[in-house]
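Below are some notes for a colleague who is opening this structure for the first time. They are set out as numbered points, to be read beside the model.

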Amino acid sequence: MPATKELVATIIFAIAILHTFSVPVFARLANKGGRHAGLWHLLSEVEAVFGVWACVLLAYMALFINVQDAVGYMDRRDFTEPAFVFVIMVVAASRPILELVSLIVGALSRALPLRKEYAMYFIIMSVVPLFGSLITEPAAMTLAALMIRNRYFLRSTHDRFKYLTIGVLFVNISIGGVLTAYAAPPVLMVANTFGWDSSFMLLHFGWRAALAVFINAGLLTYVCRDALVAPAADPNIDNSTPTRPPVPVQVMAIHLLFLVAVVLSSHHPVIFLGLLMLFLGYTDAYKVHQNPLMIREGLMVGFFLAGLVVLGGMQKWWLQDLLGGLSPHVLFWGAAALTAITDNAALTYLGSMVEGTNELWRYMLVAGAVTGGGLTVIANAPNPAGFSILKGSFPDGAISPLKLLLSAAIPTLITALLFLMPIGF
C-alpha cells in the first residue's frame, strides 16, 4: 500500500497535468487585465506549472509530516538534467551557434531539388532533429525552434500551420536523438543498465527513427507548402532582422567548443555549470557578436523540469507495477500513452528497475517512450524548451495542449509503425 504522502503526491501530480491543459484559459484571463491579471499570467506559464505544484507538495510535507522529511526528499532528488537543459539552452541559442547551424542548413537545402522555402523547412524539420543524436536533444530543440520562429512563425498567421509544425517538431526531436546512447534522456537513463551502446542504438533504433523523421518532415512540408510561401501577415511590417556584420569563424569555433564541452560533461553539473560561467564571461567580452542570451527562458524550462523531478519521484508506487505487468507489445502502446502524462525519461528509468525482463520487453519500453515523446509538453525533457521559444507566436501567447496532442498524433502513429516492424530479438 502506498504511503499517504505518495497518494497526496499523485493527486497533486494529476492536478498539475490538468493545469497544463488549462493554460489557454488562464492566458485569456490574463489578457483581460484586472486586479489578478498577474496571478493569471503566472498560472498561464506552462514552464511554471510543475515547479509551482512541486512547491505545494513540499509545503504539504513540511506542514503535515515534518520539515526534515521534506528536506531529505529534496536532497535525494537528482537535478542534473534540469540544470543541463538550462545550460545547453543558453549555449545552443547563442547567435554564433545559430548562425553556424543556419549555414549548414542553407548548404543542405541548396543541394535538394526543391523550391528554396520547401527545402529549408524540410531540412530544419528533419536534419536538425537528427543533430540531436550528436549535440543532445535539448540543444537540437533549441536550435530548431529558434529557426522555425524566426523564419516562419513571425510572419505567419496560419495557426493550423503552426500547430502541425510544433507537433511534428516535438515528435521528431523525441526520436531524433536515439541514433546514439547518450543524447536522448529516455535512452540515457537505461543505456548502462541494459548494456546498450551507440552501435546497438544505431542498429535497432537509429535507422527506424531516421526514416520516421524524414517521412514526417516530408509529409509536413507537402501539407504546409502553401503556408511556406505565403506573404507576411501585414506587408507594412518588416519582420526581417536588421543587417549585422557576420559572426567571425573563430567566434563560431569557440562557441562550438563550449557546446561540445557542455555535451561531454552532461553528467557532471559542477563542470558544465563552471563552463557556463566561462561562457557568460566570453559573451560579455564580445557583445558585438551576440544576441541577448536566453537566461530567463532557460531558467523557466529548468524550473519546469525540476518540478517534474520532484513530483515524479513519488509516482514509482503505481508506475513500476503497471509497467512490469504488461506484455511487450502492450507495453509499447502503454509506454507511449503514459509518456504523455509523465516524462519518457522517468518512465524508462522506472521500467529499468523491473526484474526478469528480456531484450524484446526492454526494446518495447524505450521505443514506446520515445514514440510518445511529442504528444504533450511534459512528455520529453526538451519539449518545454521548444514550448518556451515558440509560444509567443500563438494567440494569447499560449499553445493549446489539446491541439498539440492532435497535431502530434499522425507523426506519432507513423513512428509507431516503424518501431513495430520486425525487430529480430
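1. Threonine 136 is buried, because its relative accessible area of 3% is under the 20% limit. This residue sits in the loop that links helix 8 (116-135) to helix 9 (137-151). Its backbone deserves a look in this predicted model: phi is positive, about 85°, although the residue is not a glycine. Most residues other than glycine have a negative phi.

2. The helix that follows this loop, helix 9, packs with helix 6 (80-92). Their axes come within 9 Å and cross at roughly 40°. That angle makes helix 6 oblique to helix 9, since it falls neither under 35 degrees nor in the range of 65 to 115. The crossing of helix 6 past helix 9 is right-handed.

3. Which residues make the contact between helix 6 and helix 9? From helix 6 come Phe84, Val85, Ile88, Met89 and Ala92. They meet Pro138, Ala139, Thr142 and Leu143 of helix 9. By class, eight of the residues in this contact are nonpolar and one is polar, with no charged residue.

4. Helix 4 (46-64) and helix 17 (295-312) form another pair. The two axes come within 7 Å, with a crossing angle of roughly 40°. Helix 4 and helix 17 are therefore oblique to each other. Here helix 4 passes helix 17 in a left-handed crossing.

5. On the helix 4 side, the contact with helix 17 is made by Val46, Glu47, Ala48, Phe50, Gly51, Val52, Trp53, Ala54, Leu57 and Leu58. Helix 17 contributes Met300, Val301, Phe303, Phe304, Gly307, Leu308, Val310 and Leu311. These residues divide into 15 nonpolar, two polar and one charged.

6. How many residues of helix 22 (residues 383-390) are buried? The count is eight of eight, so by the 20% limit on relative accessible area this helix is mostly covered. The buried residues are Asn383, Pro384, Ala385, Gly386, Phe387, Ser388, Ile389 and Leu390. They pack against helix 4, helix 6, helix 9, helix 10 (159-176) and helix 17. Both helix pairs described above are thus represented among the packing partners of helix 22.

7. Threonine 415, in helix 23 (residues 401-419), counts as buried because its relative accessibility is 0%. What does threonine 415 touch, leaving aside its neighbours within four places in sequence? Its contacts are Val171, Ile175, Ala212, Asn216 and Thr371.

8. Leucine 257 gives the opposite case of exposure: it lies in helix 15 (residues 249-264) and is exposed, because its relative accessible area of 60% is over the 50% limit. The C-alpha atom of leucine 257 is separated by 14 Å from that of arginine 95, and the two residues are 162 residues apart along the chain.

9. On cysteines, a search of the whole structure finds zero disulfides. Cysteine 55 counts as partly exposed, because its relative accessibility of 44% lies between the limits of 20% and 50%. Cysteine 224 is buried, with a relative accessible area of 3%.

Notes. Residues are numbered from 1 along each chain as its sequence is written. This is a predicted model: local features need pLDDT of at least 70, side-chain atom pairs count only at pLDDT 80 or more; totals for chains, interfaces and linings use all residues. Side-chain values use heavy atoms; hydrogens and water are left out. Helices (H or I, at least four residues) and strands (E, at least two) are DSSP runs, numbered from the N terminus. Buried means under 20% relative accessible area, exposed over 50%, partly exposed in between (1.4 Å probe, protein chains only). Contact means heavy atoms within 4.5 Å. Axes are lines fitted to C-alpha atoms, for helices over the stretch in contact, and angles run from 0 to 180 degrees between N-to-C directions. Angles under 35 degrees count as roughly parallel, over 145 as roughly antiparallel, 65 to 115 as roughly perpendicular and the rest as oblique. A crossing is left-handed if the near helix is turned anticlockwise from the far one by less than a right angle, and right-handed if clockwise. Ala, Val, Leu, Ile, Met, Phe, Trp, Tyr, Cys and Pro count as nonpolar, Asp, Glu, Lys and Arg as charged, and the others, Gly among them, as polar. A disulfide is a pair of cysteine sulfur atoms within 2.5 Å.
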